[in-house]
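Me: Please take a close look at a single part of this structure, a place where two helices pack against each other. Please then continue to the loop residues with unusual backbone angles.

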Amino acid sequence: MHPILPGPLSRRAFLQRSAQLAFTGVALPTALNLAAIGEAAAFNASDYKALVCVFLFGGNDYANTVVPYDSTRYEQYRSARADIALAHADLLPLNPGNLAGGLRYALHPNMGGLAGLFNAGHAAVQLNVGPLVEPLTRAQYEAETRRQPPKLFSHNDQQSCWQSSSPEGATAGWGGRMGDLAQPTNAGNPLFTCISVTGNTVFLTGEEALAYQVGSWGAVRINAVDRWAFGSDAVGKALSSIVRDTRRPHVLEGMYNGVTARAITAEASITAALTAYPDDEDHTQFAAIPNTNLGRQLRMVARLIAARNLLSTKRQVFFVSMGGFDTHGGLLQTHGDLMQELSEALTGFYQVTGDATVMGAGGVANQVTAFTASEFGRTLTSNGDGSDHGWGGHHLVVGGAVNGGQFYGKPPPVSVGDSDSAEDQWHVGQGRLLPSTSVDQYAGTLARWFGVNDTELAGILPHLSSFTVANGYPPDLGFMTP
């Protein structure tokens, strides 16, 4: 298992904070702590940028999301998928963009909004991405002669590998490690650097950064200290005072009260900021984002982005999610409904971020990038009514800074054979894609746009150094503008 923050990142943080404290005359042994290290490890940011991870729990069926559309490959797809193949006439064709050799792709029929964004240049497709430790061929996978991601095809472990580069039990994710660097840019409210609208997640946990959790309705309150909880303003105020008092005789009690006090203060800050950007029937500025589970989460993200100046934030990483993608059965109906919810929510979110009347300053679509992730793709072959656990998959990146209308990575052959031919080397059985792009490359491309420099990437993505232009795996995939 890799360290949470390897050498260069921690050393840089230590030296920066040491210099700051020495300048102010503070005694280092007392003042230099993990919080100070986390605050020091930062890049400069004068503008605002946000990354929004949309995690698809259960393993998204890649083959019915981004579908081969040219006649030759569609027929191969239809033959492999049998009863779960989508009709060619129903597919939403994407502009060929940078594809060569007559290759074409289309999106699921229920993804009209995202197809429109792609064809307008505001979304891109990353082909065949998944967890890798180092470049790997099918022969090496079968012979186990090179390092492989641990516990492949396991939901919990591969969710963790996508989010943290380690299996279940990991303590930090690449979103949180970016948060460690970004916290000083949010000096007024570093706690709001990493925000989850879908519960706890390792993705947003760093050495110092934590996932601040909100609900789709707003900040989570500590009801026990609500002044109305006991029907008495006086009782509520008295209890609130007690639980915030950090001058307790017991050290752990004082520390616990300090955490509680920060939580109460944070809730008040979030609630006050959201009041300026309400989302109710009398205010329709967020109405473009549908009232679905994912839509409500993205509405909250949009409101927090709109309130960025009130919250004094310059860099933020958000985490939202959808469940239900473990489609071993009933794939056509279930997956179709999920694709509609995903497309409508992301399309509405992009529209709102570009609305100057909501976001100010001409909108922030160029400063907000949303991207999909999922623990694995699924088999190309049908199991009769669905598909089974796979490995690589196709993902979408949406935003004004995206080099959109293009496909990135290597288009995989549509094959389920087991021969030694090149056609059959892109999967590890039943059309389970062997990733041709690593999660570290995908994340590194997003991190560079966010403001992370090349010397800091090793502390965020421990396997990225294994992927180089020389071995055919460019560290930057090119789907983001500077």
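Reply:
**Helix packing and two loop residues**

In this predicted model, helix α5, spanning residues 112–119, packs against helix α12, spanning residues 331–353, at an angle of about 45°, and their axes are 7 Å apart. Because angles under 35 degrees count as roughly parallel and those from 65 to 115 as roughly perpendicular, α5 is therefore oblique to α12. On the α5 side, the contact is made by G112, G113, L114 and L117; on the α12 side, S343, L346, T347 and Y350 take part. Sorted by class, the residues in the contact of α5 with α12 comprise 4 nonpolar and 4 polar ones, with no charged residue.

The backbone angles concern two loop residues. E144 belongs to the loop between α6 (138–143) and α7 (155–164). Its phi is near 55°, a positive value in a residue other than glycine. The relative accessible area of E144 is 66%, so this residue is exposed, the cut-off for that class being over 50%.

S165 is located in the loop between α7 and α8, the latter covering residues 174–182. Phi of S165 is near 75°, which is likewise positive in a residue other than glycine. With a relative accessibility of 12%, S165 counts as buried, because that class covers values under 20%. The two residues with positive phi, E144 and S165, thus fall into opposite classes: E144 is exposed, whereas S165 is buried.

Terms used:
Residues numbered from 1 in each chain as written. Predicted model: local features only at pLDDT ≥ 70, side-chain atom pairs only at ≥ 80, totals over all residues. Heavy atoms only, no water. Axes fitted to C-alpha atoms, helices over the stretch in contact; angles between N-to-C directions. Helix = DSSP H or I, 4+ residues; strand = E, 2+ residues; numbered from the N terminus. Parallel < 35°, antiparallel > 145°, perpendicular 65-115°, else oblique. Contact = heavy atoms within 4.5 Å. Nonpolar A, V, L, I, M, F, W, Y, C, P; charged D, E, K, R; others polar. Buried < 20%, exposed > 50% of the residue type's maximum accessible area, 1.4 Å probe, protein only.
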